[in-house]
Amino acid sequence: SLTLAALIAVAWGYIALGRRVVRRQRIPAMLILSSVGLTVRTVIVIINGNAFIYFLQPVIVAAVIVLIFLLSALTPRPLVHRLAGDFCPLPPGVTERIGVRRLFLGLTLFWAVVNLGNAAFTFWLLVSQSPAVFVAIRGVTGMTVTATAVAITVAWSWRVARLEGLRGPRPSLA
């Protein structure tokens, strides 16, 4: 059943989280985000297991993630600051540079906007299209939006790294 599958998925996520706690390992921000997402989805499935609600779940999860990104932007260490260490360990002192700190804040706000747009589009698609069309379009647009946002994130990060002297100039093609 859908409820059982959701409970198994959320249990798996919390086992991964608990394993890191027991071993006193650093908990990656992505694991925290996925745990929040799985928890929200599972609660919704338990409350109401119909298809509309099932497909509405990513919209709700994206809205929660938007709030997490926005709230973290108000702190000294925005969420992208924490996520950066999950994807690319940075030497001490790098994250204290003003350009890098601005990058983290900018990317945190950028990803809040990406998730908000994604949630709004998904909701519109859900209420305006048949389930078959929804699934087909949502799969393609979700991957496209995410890939584009990742490319922008990488390009922006490389630019800041170059401006901060953390990476050499672009090689000449001549």
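Q: Which residues does Val80 touch, not counting residues up to four places away in sequence?
A: Val80 touches Phe69, Phe104, Leu107, Thr108 and Trp111. These are contacts because contact means heavy atoms within 4.5 Å.

Q: How do you know how far to trust this?
A: This is a predicted model, where local features need pLDDT of at least 70, side-chain atom pairs count only at pLDDT 80 or more, and totals for chains, interfaces and linings use all residues. Residues are numbered from 1 along each chain as its sequence is written, and side-chain values use heavy atoms, with hydrogens and water left out. The protein averages a pLDDT (the predictor's confidence in each residue, from 0 to 100) of 87. H2 has the lowest mean among the elements, 82, and H5 the highest, 95.

Q: What makes a set of residues a nonpolar core?
A: Its members are buried Ala, Val, Leu, Ile, Met, Phe, Trp, Tyr and Cys residues joined through side-chain atoms within 4.5 Å. The largest here has 29 residues, and Phe69, Leu79, Val80 and Trp111 touch the most other members. H5 (98-128) is one of the contributing elements. H5 gives the largest share, 10 residues.

Q: Why is Phe134 in H6 called buried?
A: Buried means under 20% relative accessible area (exposed is over 50%, partly exposed in between; 1.4 Å probe, protein chains only). Phe134 is buried, and so are Arg138 and Gly142, among others in H6.

Q: How do you know that the span of H6 agrees with the expected one?
A: Helices are DSSP runs of H or I, at least four residues, numbered from the N terminus; strands are E, at least two. The expected span is 1.5 Å times one less than the number of residues. The 33 residues of H6 should therefore span 48 Å; the end C-alpha atoms are 47 Å apart, which agrees.
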